[in-house]
Amino acid sequence: MAATELRGVVGPGPATIAAPGGGGTGPPVVGGGGGRGDSGPGPGAALGTVTAAAAGGPGPGAGGVAAAGPTPAPPAGGSGGSGAGGSGSAREGWLFKWTNYIKGYQRRWFVLSNGLLSYYRSKAEMRHTCRGTINLATANITVEDSCNFIISNGGAQTYHLKASSEVERQRWVTALELAKAKAVKMLAESDESGDEEAVSQTDKTELQNTLRTLSSKVEDLSTCNDLIAKHGTALQRSLSELESLRLPAESNEKIKQVNERATLFRITSNAMINACRDFLMLAQTHSKKWQKSLQYERDQRIRLEETLEQLAKQHNHLERAFRGATVLPANTPGSAGSGKDQCCSGKGDMSDEDDENEFFDAPEIITMPENLGHKRTGSNISGASSDISLDEQYKHQLEETKKEKRTRIPYKPNYSLNLWSIMKNCIGKELSKIPMPVNFNEPLSMLQRLTEDLEYHELLDRAAKCENSLEQLCYVAAFTVSSYSTTVFRTSKPFNPLLGETFELDRLEENGYRSLCEQVSHHPPAAAHHAESKNGWTLRQEIKITSKFRGKYLSIMPLGSIHCIFHATGHHYTWKKVTTTVHNIIVGKLWIDQSGEIDIVNHKTGDKCNLKFVPYSYFSRDVARKVTGEVTDPSGKVHFALLGTWDEKMDCFKVQPVVGENGGDARQRGHEAEESRVMLWKRNPLPKNAENMYYFSELALTLNAWESGTAPTDSRLRPDQRLMENGRWDEANAEKQRLEEKQRLSRKKREAEAMKATEDGTPYDPYKALWFERKKDPVTKELTHIYRGGYWECKEKQDWTSCPDIF
């Protein structure tokens, strides 16, 4: 009954197709992402209450496609058995799934069908929501004990499951293994068919040449057929003549056998020729369809490009009209009548809804209209005074900076850009090799962005005071997550540092630490960072940035290890950064997501922390920007569970071992975990009017403030960045081109010197960083740049003779 009602109902009604993959937190020890939606309260029953029940029908189609009609209720507390024909490859029923340390195991309705294992909170939920799906073709099935088993695809999905009994567990494992074997076979067949489809999309000329070759070969076969028929008839005639001769009986039998074989040979040859002729006819028929399909795809691509270009232009026009409608805030005196943009005009107020749908244009190297001017007055700049220029505003701000750290920078001007002409030429390229105008930047360099990792340095100060290494690891993990909190609204690109550019941040008196960054490589871009604190820790890293523009989104992949060493205990931690993705590059409001896993390792004790940054999914009911983690000792035992988001806060739960009903289950009850909750980190609020100042944090606002005594290569002295911060973007673009050309000439000079040294046979030293030395790291065994010392001593003496002239 259930099998008939649930099988194959896929239509435009209220059926739901499960999204691939599963987010959410995974179970302990083994790790991996669980399914979506398990963090919320569910209809979970206590462990051990499920009993075996009668077999049910097969589940819905692939990916959790469920019928909209009524679903028969399962037997109370039972599990479904194998489906159609008792094959064991289709099955549905109740299982307990590990969700997290707060809620432990929760009862879920699982459906196995077409090589996919999907689960729901209840059977009724199959009509509208699938919590997660795992493809068995790439999954591993492992049995833990009498009732527990694990399904993992080796990536972000791992399901820890518990059956009601050993018999029920074996039924599920058998069904899963059969389904996996079928899925692997189907995957291999689909790969073969995919190859045929790829071959069928050949070029029109190549297809015609192939058909001509086939036709000539078939003609050759036809000629051979005529010859075979001619010679075969002659052979049979000769054999018939032999039969009429008076020969021994044994010879006549042999001749008859030869005659029969000759006849069979001729029939087979004719069949082969006919098959070849049919093949040629089919190839000629289908070639027309292939040509039409190919031409249709080309036309569709051209239409899509034209549509996107028109859409981008329309959004650009609408954004200018919207920004021109109301430039000054409504509560600013004298704002009425001064909110007209010089390029276009419009009416209306800024509403919350409009602000949410604000469109950010992509970069384009263009010349600004002359009537915008370089020194835009307050009437053209949101929130700025109407009677002073940006230069005067900045000078006034410099005077305040001498007394205390600055709390504001000139507001971001309202320049608009043409979108399409640069986007269509950048797909698939590395971002660092694309000439970007300052319009796409924020007035900070990558070295300053790297220094922003120290905004929550107090987490390392607290970690340095911890006597327990596992507790210390929790604070290091929170510090790792906190470095991403500044990126949630920061959609602008930092300036690519010039080779040899440096940035110092001396906060020894105020916060007890000081930091130094240097750009040690230009292609690929790499920056070395060293920070030391009198509170007992040192942080060092070398980060190489690789990025790819994919048309719809931009992926930024930081490479390199981060090291944190605590002086008192000698604990040495290392970890790597996750991938940052910028979405809605072409159309829509830009937004940023972090995804991937971070493994923090204490190389002295062997303790580890695994952090999972769950990628955002439209179909997930889980909290956005979620981060989960587990702190384990060298034996793999979990001591702390971490839960939070990378843009708001991180909490820590102490895991206490609890003996389960089966004797070996060590999980913590939800109420006990809640009592042990400790908030490790919480994001600081943004400054007032941060939306007009590139969404900078309080620390970011101070990074580019002028300071005396810095090296001549410091990012604060970079002219194009300073002009851009002042709002003089035309001059900044020209200055940026000058600096990049100067850098190219220096690189060509070094290449020429290297070539000349090679020809002469004289030794040549390649480019070496000034304050960092490239050598093998004693812990990770990687080649990296480590601070060699000397910078702060040179600053004290104000001896910068060794610094190159890069500006």
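**Exercise 1. The largest core**

Which residues touch the most other members in the largest nonpolar core? Find them, then look at where the core comes from.

*Solution.* Keep in mind that you're working with a predicted model.

Step 1: The largest nonpolar core has 67 residues, and those touching the most other members are Leu 539, Phe 566, Trp 575, Ile 600, Leu 611, Phe 613 and Leu 642.

Step 2: Now ask which element supplies the largest share. That's helix 10 (residues 469-482), with nine residues.

Step 3: Zoom in on Trp 575. Leaving out residues up to four places away in sequence, Trp 575 touches, among others, Val 476, Phe 479, Leu 539, Ile 562, Ile 598 and Ile 600. Polar or charged names turn up too, including Thr 480, Ser 561 and Asp 599.

Step 4: Look for a core elsewhere. Another one, of 19 residues, lies apart from the largest core, and Leu 95, Phe 110, Tyr 119 and Ala 163 are among its members. As a general background, nonpolar side chains tend to be buried together in soluble globular proteins.

**Exercise 2. A cluster of rings**

Work out how Trp 771, Tyr 791 and Trp 800 are arranged, and say whether Tyr 791 and Trp 800 are buried or exposed.

*Solution.*

Step 1: Get the overall tally: the model holds 16 aromatic pairs. One of them joins Trp 771 and Trp 800, with 6.4 Å between the centres and 90° between the planes. Edge-to-face needs an angle over 60 degrees, so this pair is edge-to-face.

Step 2: Place the two partners on the chain. Trp 771 sits in the loop between helix 14 (729-760) and strand 24 (772-776), while Trp 800 is in the segment after helix 15 (791-797). They are 29 residues apart, and the pair links distant parts of the chain.

Step 3: Try the next pair. Tyr 791 and Trp 800 are 5.3 Å apart, centre to centre, with 45° between the planes, which makes the pair tilted.

Step 4: Check burial. The cut-off is under 20% relative accessible area. Tyr 791 is buried because its value is 0%, and Trp 800 counts as buried because its value is 13%. Trp 771 is buried as well.

Step 5: Put it together. Ring pairs link Trp 771, Tyr 791, Trp 792 and Trp 800 into a cluster.

**Exercise 3. An open sheet**

Give the strand order of the seven-stranded open sheet and pick out its edge strands.

*Solution.*

Step 1: Read across the sheet: the order is 4-3-2-1-7-6-5, with antiparallel pairing.

Step 2: Find the strands that pair on one side only. These edge strands are strand 4 (132-135) and strand 5 (140-143).

Step 3: Check the twist. Ignoring direction, neighbouring strands are turned by 35° against each other on average.

Step 4: Follow one pairing up close. Strand 1 (residues 91-100) and strand 2 (residues 104-113) run antiparallel and are joined by nine bridges. Across this pairing, Trp 98 stands opposite Tyr 105 in strand 2.

Step 5: Spot a charge over a ring. Arg 107 lies over the face of Trp 94, 3.9 Å from the ring centre.

**Exercise 4. Far in sequence**

How many residues apart in sequence are Glu 740 and Phe 807, and what is their distance in space?

*Solution.*

Step 1: Locate Glu 740: it's in helix 14. Its relative accessible area is 23%, so Glu 740 is partly exposed.

Step 2: Compare the two separations. Glu 740 and Phe 807 are 67 residues apart in sequence, but 9.8 Å apart in space, C-alpha to C-alpha.

Step 3: Zoom out. Among contacts with a separation of 6 or more, 63% involve residues 24 or more positions apart.

How values were computed:
Residues numbered from 1 in each chain as written. Predicted model: local features only at pLDDT ≥ 70, side-chain atom pairs only at ≥ 80, totals over all residues. Heavy atoms only, no water. Phe/Tyr/Trp six-rings, centres within 6.5 Å; stacked < 30°, edge-to-face > 60°. Helix = DSSP H or I, 4+ residues; strand = E, 2+ residues; numbered from the N terminus. Buried < 20%, exposed > 50% of the residue type's maximum accessible area, 1.4 Å probe, protein only. Lys NZ or Arg CZ within 6 Å of the ring centre and 35° of its normal. Pairing = 2+ DSSP bridges. Axes fitted to C-alpha atoms, helices over the stretch in contact; angles between N-to-C directions. Core = buried A, V, L, I, M, F, W, Y, C linked by side-chain atoms within 4.5 Å. Contact = heavy atoms within 4.5 Å.
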